[in-house]
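This report describes side-chain pairing and burial in one protein chain. The sequence and the structure come first, followed by the description.

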Amino acid sequence: MADTAATNVLPQESGEEAADYSGPKYHAQQKVLCIDTNNNTSDDAFAPLYEAVIRKSELKYIDPTTQKILPNRKRGRGRGRVGAAAAVDALDQNTNDLGTGLLQEWCHHVHFNGWNSRWDRWVTERDIFENTIENRKRLSENSGKVARSQPKQKEETKKRKRGASTTADNDAESSSSPLNRNLQLITRACELPFTLQTVLCDDRDNIAVKVHPPPILSASCSSKQQQRRNNKKAITMLHVIPAPTSIVDLMGQYVQAKKQEDLETFANYHRRLQRDLSGNSSCSDGGVGEESSMDVILTKEDLKMNKKKRKEFALSILALVDASLPLFLLYTEERDQFTKLMAQFAKEDDKQSDNDHQTPKRQPSHLYPAEYLLRLFVKIPYLLSEFDLKKNNPASILLADEKTQDFARFLSELIVFIQTRVDECFAGNYQAVEVDD
């Protein structure tokens, strides 16, 4: 195949006229079989072939010793001048070394079928074969297959770098079950804005950082062992329990505030509707059309239903706090404090229940501040998917689309409510506590 390639010698003197070259053997868009020159280490007669398409053809310089295609002469300016100058220097150096000049052949830019375009390359005509039945017997098993899987592998690598679970993502995308859709809806509703993320991170830093006081050498210590034990003590910051504003108080404020907003929305809507019916309103005053884009409450039944659903949501949040706080919402430094406080409050509640049988026992949601509610928001998708469903609870939120939509709507509403009252909800009442290091 090498003899059929059109070859010639580059003239030594710039004044000489270039020789006429015969045209290329293959033309653009022609389907051919080609050798993978990068991976081919055997003889061309036995090298595997790949299906390819000719993109374009050009005359290029060939190094007669290595048979490699040399870069074109380029006249670059500015930023491209370094690369262009290197290419010209390479050609000039080869010309000076060979003495007789460089060979020039027709080369073709080929695209391998089924492979990514980054595998496209320039090859000589000796590396290209016609698409015949006899030549197709040498087709590689990977022809048209390998590169299709590479973009997918590249995407998976990117997902791993972002810290995402590729398996979980593929399962979620491939599965269209209502449970997965409902879980994704709640997961999006649980996303905290930057303001609340900052509160959560600051709270973690205050509790996790331990301060070690300087060692104390006191004559009152009975032994060196006692002295070493005292020096191992560290000081950390824990929340003051019971909190001035507990989670129960916050949820009560949320329910009352949203009830007032619903009443105002209901009143404004019907006031504007009455004006429209009487013909006294104008478009500039904002009529019903302006309210139609809002979540308006049309009837008193809707008002009562919204109030009932919001109360049920608040109670479910409090139940989640009480059930999950001892298991998932406490840091290691807070567990001793929780055990002691709950035992102390249980005794006080028992004494009060002897006098008044209607007094309910205090739960964690009555004692702990709003920071623990933010910790719950992060854990809600995990709690609902891992525990609520596995217990086969018929009242599970994820089993009903309407329940899921209401829960996600009220959850987003609660997060916005907390965000607009950051200073009121997060007082930051901490106390210094001595703990073992």
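At 11% relative accessibility, Asp-262 falls under the 20% limit and therefore counts as buried. The model that this value comes from is a predicted one. The side chain of Asp-262 forms a salt bridge with that of Arg-310, at 2.9 Å from N to O. This pair joins distant parts of the chain, since Asp-262 belongs to helix α8 and Arg-310 to helix α10, 48 residues apart. Arg-310 is buried as well, with a relative accessible area of 2%.

**Overall composition**

The protein has 437 residues, and 34% of them are buried. Its secondary structure consists of 15 helices and 8 strands. Of the contacts with a separation of 6 or more, 75% are between residues 24 or more positions apart.

**Helices α8 and α10**

Helix α8 covers residues 247-278. Its 32 residues span 47 Å from the first C-alpha to the last, close to the 46 Å expected at 1.5 Å a residue. The buried residues in α8 include Tyr-254, Lys-258 and Asp-262. Others buried in α8 are Ile-247, Leu-250, Met-251, Val-255, Phe-266 and Tyr-269.

Helix α10 runs over residues 300-328. It has 29 residues and reaches 40 Å between its first and last C-alpha, close to the expected 42 Å. At Asp-322 helix α10 bends by about 30 degrees, and Pro-326 follows within four residues. Among the buried residues of α10 are Asn-306, Arg-310, Phe-313 and Ser-324, along with Leu-303, Ile-317 and Val-321.

**Salt bridges**

How many salt bridges does the structure contain? The count comes to 13. Three of them are tabulated here.

| Pair | N to O distance |
|---|---|
| Lys-258 and Glu-261 | 3.2 Å |
| Asp-262 and Arg-310 | 2.9 Å |
| Asp-406 and Arg-409 | 3.6 Å |

Lys-258 and Glu-261 are 3 residues apart in helix α8, so about one helical turn separates them. Lys-258 is buried, with a relative accessible area of 11%, whereas Glu-261 is partly exposed at 38%.

Asp-406 and Arg-409 have a like spacing: both lie in helix α14 (residues 401-419), 3 residues apart, about one turn of the helix. Asp-406 is buried, with a relative accessible area of 15%, while Arg-409 is partly exposed at 31%. Asp-406 and Arg-409 also belong to a network of salt bridges with Lys-309 and Glu-402.

**A buried charge without a salt bridge**

Which side chain of opposite charge is nearest to Glu-333? It is Arg-204, 4.3 Å away. A salt bridge requires the nitrogen to lie within 4 Å of the carboxyl oxygen, and Glu-333 has no salt bridge although it is buried. Glu-333 is located in the loop between α10 and α11 (335-355). Leaving aside residues up to four places away in sequence, Glu-333 touches Arg-204, Ile-207, Ala-208, Lys-210 and Leu-238.

**Aromatic pairs**

A pair of aromatic rings is described by the distance of the centres and the angle of the planes. The structure holds 10 aromatic pairs. One of them is formed by Tyr-50 and Phe-112, whose centres are 6.0 Å apart with 80 degrees between the planes, an edge-to-face arrangement. The pair links distant parts of the chain, with Tyr-50 in strand β3 (residues 49-62) and Phe-112 in strand β4 (residues 103-112), 62 residues apart. Both rings belong to buried residues: Tyr-50 has a relative accessible area of 10%, and Phe-112 has one of 3%.

Tyr-254 and Phe-417 form another pair, with centres 5.7 Å apart and planes at 65 degrees; this angle is over 60 degrees, so the pair counts as edge-to-face. Because Tyr-254 lies in helix α8 and Phe-417 in helix α14, the pair ties together parts 163 residues apart in sequence. Tyr-254 and Phe-417 are both buried.

These two residues also share one aromatic cluster with Phe-313, Phe-407 and Phe-410. Phe-313 is one of the buried residues of α10.

Notes:
Residues numbered from 1 in each chain as written. Predicted model: local features only at pLDDT ≥ 70, side-chain atom pairs only at ≥ 80, totals over all residues. Heavy atoms only, no water. Helix = DSSP H or I, 4+ residues; strand = E, 2+ residues; numbered from the N terminus. Expected span 1.5 Å × (residues − 1). Bend = angle between axes of the 7 residues up to and from the residue. Buried < 20%, exposed > 50% of the residue type's maximum accessible area, 1.4 Å probe, protein only. Lys, Arg positive; Asp, Glu negative; His and termini not counted. Contact = heavy atoms within 4.5 Å. Phe/Tyr/Trp six-rings, centres within 6.5 Å; stacked < 30°, edge-to-face > 60°.
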